[in-house]
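Welcome, and please keep your viewer open beside this text. We will go from one selection to the next and say what is there each time.

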Amino acid sequence: MPSVVLANDHGAVDLAVIFADYLKKIGYEVNHLGVKTNDSVDYPDMAKEACDEYKKGGYEFGILLCGTGIGISISANKIDGIRCALPQNSYAAAMARRHNNANFIAFGGRINYSEDPVEMLDAFIEAAFEGDRHQRRVDKIMALEQSC
């Protein structure tokens, strides 16, 4: 059974439940590290916890959620080895995997998306990394972590 790590702050409790339930329904094991109440937590802490867990191995990908998805995705992208996408639609979600080999996807619990976020997540799940010229670009992205 494929596994996913999921973390959220207080700004995306409802969306986290929707994603966790959906993923379980389609056959994923979900390690939900996020909060289940509206009590305030800091999204950088949630990003770090999820990314550290992901890097232990055994996960297909990770999902991060905060009010907008912006802060938690920025936080995740500061962590060595993480490529977290913040898609605005299904096309961007699929391309995050196909061209950028994203290992995390982020969403905002307070965002009114033009598409159902579950459909966007599906597009991400169904896409596969195309490699070839895109691998060269991913390698360059990852090299940026070492250049600063």
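**Start in the sheet**

Select E1 first: this strand is mostly covered, with six of its six residues buried. Buried means under 20% relative accessible area, exposed means over 50%, and partly exposed lies in between (1.4 Å probe, protein chains only). Helices (H or I, at least four residues) and strands (E, at least two) are DSSP runs, numbered from the N terminus.

A word on what you are viewing: this is a predicted model, in which local features need pLDDT of at least 70 and side-chain atom pairs count only at pLDDT 80 or more, while totals for chains, interfaces and linings use all residues. Residues are numbered from 1 along each chain as its sequence is written, and side-chain values use heavy atoms, with hydrogens and water left out.

Now show the side chains of E1, residues 3–8. Ser3, Val5 and Ala7 are buried on one side, and Val4, Leu6 and Asn8 are buried on the other, so both faces of the strand are covered.

Next, add E2, which pairs with E1 in the parallel sense over four bridges. Two strands count as paired if DSSP finds at least two bridges between them. Look across from Val4 to find Val30 of E2, and across from Val5 to find Asn31.

Widen the selection to all five strands: they form an open sheet in the order E2-E1-E3-E5-E4, with parallel pairing. Which strands stand at the edges? They are E2 (29–32) and E4 (84–85), and each has a single partner strand, so one side of each is left without a neighbour in the sheet. Strands of a sheet pair through backbone hydrogen bonds, either parallel or antiparallel.

**Helices on the sheet**

Select H3, residues 70–77, which packs on the sheet and touches E1, E3 (61–66), E4 and E5 (104–108). Contact here means heavy atoms within 4.5 Å. The direction of H3 makes about 140° with that of E3. Axes are lines fitted to C-alpha atoms, for helices over the stretch in contact, and angles run from 0 to 180 degrees between N-to-C directions.

Move on to H5, residues 117–126: this helix lies across E3 and E5 and runs at about 170° to E5.

Then pick H4 (90–98). Seven of its nine residues are buried, so H4 is largely enclosed by the rest of the structure. The buried residues are Ser90, Ala92, Ala93, Ala94, Met95, Ala96 and Arg97. What covers them includes E3, E4, E5 and H5.

**Loops and the last helix**

Select Leu86 in the loop between E4 and H4. Is Leu86 buried, exposed or partly exposed? Its relative accessible area is 33%, which makes it partly exposed.

Go next to Asn101, in the loop between H4 and E5. Its phi is near 50°, a positive value in a residue other than glycine. Asn101 counts as partly exposed at 26% relative accessibility.

In the loop between H5 and H6 you will find Asp132. Phi of Asp132 is also near 50°, again positive in a residue other than glycine. Asp132 is exposed, with a relative accessible area of 66%.

Finish at Ile141 in H6, residues 133–147. Ile141 is partly exposed, at 35% relative accessible area. Add Asn100 to the selection: the C-alpha atoms of these two residues are separated by 8.9 Å, although they are 41 residues apart along the chain.
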